[in-house]
Structure formats: structure tokens, C-alpha cells
Amino acid sequence: MNCCLLLPFMLGIPLLWPCLRATENSQAKEVEQPVGSHLRVKRGWVWNQFFVPEEMNTTSHHIGRLRSDLDIGNNSFQYKLLGAGAGSTFVIDERTGDIYAIQKLDREERSLYTLRAQVIDITTGRAVEPESEFVIKVSDINDNEPKFLDEPYEASVPEMSPEGTLVIQVTASDADDPSSGNNARLLYSLLQGQPYFSVEPTTGVIRISSKMDRELQDEYWVIIQAKDMIGQPGALSGTTSVLIKLSDVNDNKPIFKESLYRLSVSESAATGTSIGTIMAYDNDIGENAEMEYSIEEDDSQTFDIITNNETQEGIVILKKKVDFEHQNHYGIRAKVKNHHVDEQLMEYHTEASTTFIRIQVEDVDEPPLFHLPYYIFEVLEENPHGLFVGMVSATDPDNRKSPIRYSVARSKMFNIDDNGTITTTSPLDREISAWYNLSITATEKYNIEQISSIPVYVQVLNINDHAPEFSQYYETYVCENAGSGQGLFF
């Protein structure tokens, strides 16, 4: 009689397990035994695998049955189970040979148990069959959902990327047995992220399915689901979130916020003076938003624009002095463009943005302005006081044309009236001073703080107003009886 293992139904599917039996080793020879001996010829045990489903909730689950072909049912044989798990995880009915699992098993913790079996003759205490190993394998059920182990996921992709651009790959793992049906075969799907993203069902590769503009939205949350059993009914699932950020490309040109700027500059401002700022706006960020300003139109060539690289503002500066009385307003046109533009993005930058700048020159109260930088006059000596020497002239350069008052600084010999006429206050003597260096001051009548001065040089001309004189007294001598024509002695 062969020993057979009959296993119960598992998962509702009736199974008939192959017989576990002892066969004679074809390589072994029969050995004669004494008459009446219960010992058999040494046999080679051939054990087939036992299978038990994991996660069975019963406290005693029948796995199979072991019987010796010598067992005639008189309870003279005892079955023993040995090895790791014997007695704690698995037990055997010593009389019938039935094997039971007494604990719930988890294939993911341990999938294989190697045990040993013995058949003992109770009357003799000897083994009826040689001890042999057999295997109990824990069969898999779909009790583990897919899990994404590399969370959190974050990726970056350039905006305006074409359809099909790879973003990132997400990968889920399933602890179930990949060789047991479809328990660990995963299928990926997109729960959130349409219509901009798609996911490859078998690889978890996320790709772009529609162009996106960072300036409209700069990041997206995508939710990916992984289902085992290739998505069939009863499948378990797990999800993960992916933060996808759009990196900037230079697809926007800078544009002026205002079409007209009004600035002003004082006519007293020095060249290089900053008179105001203009500002363009660029939807891009970082290096793509760096811009430079320039003058597109300025017939007077009076102004210039430089770029503040930190604030990205255009600074309008004075390149030449301005004069309110000469020209009191200017109109210039400025343009702006990005500093860095890739060739493939030039289509977005074909025409630079421009703006008009109106600049008003502010009048300031300027000091009187002499018509000449200096004056030289000539006058004859020995003329009486009040002699006309010359005339200087200064005017107020401002529009109000304030009257001018004149004065002579530190001189007692000359005077000047409000018309700028210089006269002498005393007769002049060339032999005392041939030149006079005067400083004439012009002051506005209505603003005495506005003062200008110029040098005036007066040359005294000579007249014949002196008889010749000997340089010393001479005393002469002559001898008596000197004849006519005889020289004198000094």
C-alpha cells in the first residue's frame, strides 16, 4: 500500500496532491534479513512538496497526510515530525500521519520550510522507514499592495517642452510572489495630471502630453496609481504623488510698463547726473529676465541710458549740459531687450519694446552773465576825476531779466554806475602806476546772492607833462684871464 497525501481545497479550487511514497532505490540491492524481522530493505524516500496557503485564519489547517504502506491501521506505527517549525508551526498526528499548520503563515516572512519525517514501530521502537527531508512551501496570495519606496518624488522639466518629453520614472514594488500568477504584476495609471502628463502603464515613466507655460503655472502635482494583478478585479493598489516643477526658458521679451515717462532735469545739473529711471517687465526669471536698455532715438544726443543689473532698471543720465533758455524740453525714445537669448527662441524676441521719454528742463536762477570774459581799457594820465574809462555789460540769463548792479572791488581810483560805466575818481599819473587791475562785480537787483565777477585791466597812457631835469647839481670853475672858448672845469 502506497502512502498518499490528500490536501484539502485551497482558495476554493480542489487540488489532488501527488502521492508521497517510498520506493526502492534502483541502485540499492535487497539485503536478507533474519526470519521474523520487521526491518525492511533500505529504501530511498522520494518526498514531493507540500503546499499551504499563506494567511489562513484557522488555528489548525490540514496540509496533508503521511502514511506508510506497512501501516495496516492497528496503531502500531508512530509518525514524527522533526526540523525547524516542527511542533511550533507544524504538527503531525502521530497515529494517522496527518500534518497541520497551527499558525498563520506569511510567505513574505518565510516562503519555505524544510522538515524531516520518521515512522517508528511502537513495539520495537525502531524506524520503519529511513528519516528523510521534505519541503512545505507557503503558496502566495495577493495580500500585499504595491508600494512606492522612493518617495517623495520631485522632478523638473523645461516649460514649453514638446509632447513625449521624459519627466521622471516612478517605480512601485509588490512583496507578493512574482512567479505566482499576476499577484506582483503591476500596472501604472494617472489619477491626476491630465491633460499635461501621461504615464506608461508597464514602466511608470511619466511623459509630457501637452505643452505648458511656466508663466501661467509653474508646478503641478501628479498622482500615479500602481495596481497589481495587472489591474484585474480584486487587485490591490498604491498611489504616490509627484511634484513636477517647470523650469524657465526665455520665451518672453521684456515690455515697458509705461508707454510714456515724464522726467525733469535742472539746467544746473552736471554731466553724468541721473535724472530718473524707467522699468520694463519680463515674465521670465533669473538670467532669462536680465535686460539691457539703450537709446533708440535722441537727435540732440544729450542723454544716455545705462542698466542697473541688480534692479533691472534703466537709468537715464545727462550726457551734455542743458540750458533752459536755449531749450526747455526734450523727447527721446528708449528700447529694451534681453541680455541672453538662445537662437532657437529668437522668434519670441523679433521686435524690441520701446517707450517715449519726455524730459523737462527746469529753470534755475543763474548769476549775471558778462558779455566778455575780461575787459582792457586805456586812459590818458592827468585827466581830471570823472574821466570816462570804459563800459562793461552783464545780463540776467534767466527769463525774468533782472536789472544788474555793478561795483568795483577794493579800488579808490575808479567808480562804476548801474549802467556799467567806469569813471575815475582822481587824476591818474602814469609815472605812479601804469596799470590798474580791477575786479568788477555784477549783482542781480532782485536776488543779491546771484553775483558774477570779471577782471578789468586799465592802462594809463603817457602825456608830456614833465620838463627835463638834471639828475644832480653841477658847480663850475674857470681861470682868470681865460680866453674866449676856453672850457670850464667842474
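**View A. Asp248 is a buried acidic residue, with a relative accessible area of 15%.** Buried denotes a relative accessible area under 20%, exposed one over 50%, and partly exposed the range in between, with a 1.4 Å probe and protein chains only. The model is predicted, and local features therefore need pLDDT of at least 70, side-chain atom pairs count only at pLDDT 80 or more, and totals for chains, interfaces and linings use all residues. Residues are numbered from 1 along each chain as its sequence is written, and side-chain values use heavy atoms, with hydrogens and water left out. Asp248 forms a salt bridge with Arg214, whose closest N and O atoms are 3.0 Å apart. Asp248 lies in the loop between strand 18 and strand 19, and Arg214 in the loop between strand 16 (205-208) and strand 17, so the contact ties together parts that are 34 residues apart in sequence. Strands are DSSP runs of E with at least two residues, numbered from the N terminus. A salt bridge is defined by a side-chain nitrogen of Lys or Arg within 4 Å of a carboxyl oxygen of Asp or Glu. Arg214 is likewise buried, at 11% relative accessible area. A network of salt bridges links Arg214, Glu215 and Asp248.

**View B. Strand 8 (residues 112-121) and strand 9 run antiparallel and are joined by 9 bridges.** Two strands are taken to pair if DSSP finds at least two bridges between them. Arg116 stands opposite Glu133 in strand 9. Arg116 also forms a salt bridge with Glu131, with the closest N and O atoms 2.5 Å apart. This contact links distant parts of the chain, Arg116 in strand 8 and Glu131 in strand 9 being 15 residues apart. Both partners are partly exposed, Arg116 at 30% relative accessibility and Glu131 at 38%. The hairpin of the two strands has 4 residues between them, and Gly125 there takes a positive phi near 75°. Strand 9 (residues 126-139) also pairs with strand 3 (residues 50-53), in the parallel sense and over 4 bridges. In that pairing, Val52 has Val138 as its bridge partner.

**View C. Arg107 and Glu108 form a salt bridge, with their closest N and O atoms 2.9 Å apart.** Arg107 is buried, at 13% relative accessible area, whereas Glu108 is partly exposed, at 26%. The count of salt bridges in the model comes to 7.

**View D. An open sheet of 4 strands follows the order 19-21-24-23, with antiparallel pairing.** Strand 19 (255-256) and strand 23 (303-308) are at the edges and have a single partner strand each, so one side of each is left without a neighbour in the sheet. Strand 23 is joined to strand 24 (residues 313-318) by 6 bridges, in the antiparallel sense. Asn308 is placed opposite Glu313 of strand 24. Gln301 occupies the loop between strand 22 (291-297) and strand 23. Its phi is near 50°, a positive value in a residue other than glycine. Gln301 counts as exposed, at 53% relative accessibility.

**View E. Two cis peptide bonds precede proline residues, one between Glu151 and Pro152 and one from Gln194 to Pro195.** Omega is about -5° for the bond between Glu151 and Pro152. Pro152 is located in the loop between strand 10 (147-148) and strand 11 (153-158). For the bond from Gln194 to Pro195, omega is near 0°. Pro195 belongs to the loop between strand 14 (187-192) and strand 15 (197-199).

**View F. Ile230 is not a glycine, although its phi is positive, at about 45°.** Ile230 is placed in the loop between strand 17 (219-227) and strand 18 (237-247). With a relative accessible area of 29%, Ile230 is partly exposed.

**View G. Val458 in strand 35 (residues 451-461) is buried, at 0% relative accessibility.** Val379 and Val458 are 79 residues apart along the chain, and their C-alpha atoms are separated by 7.2 Å.
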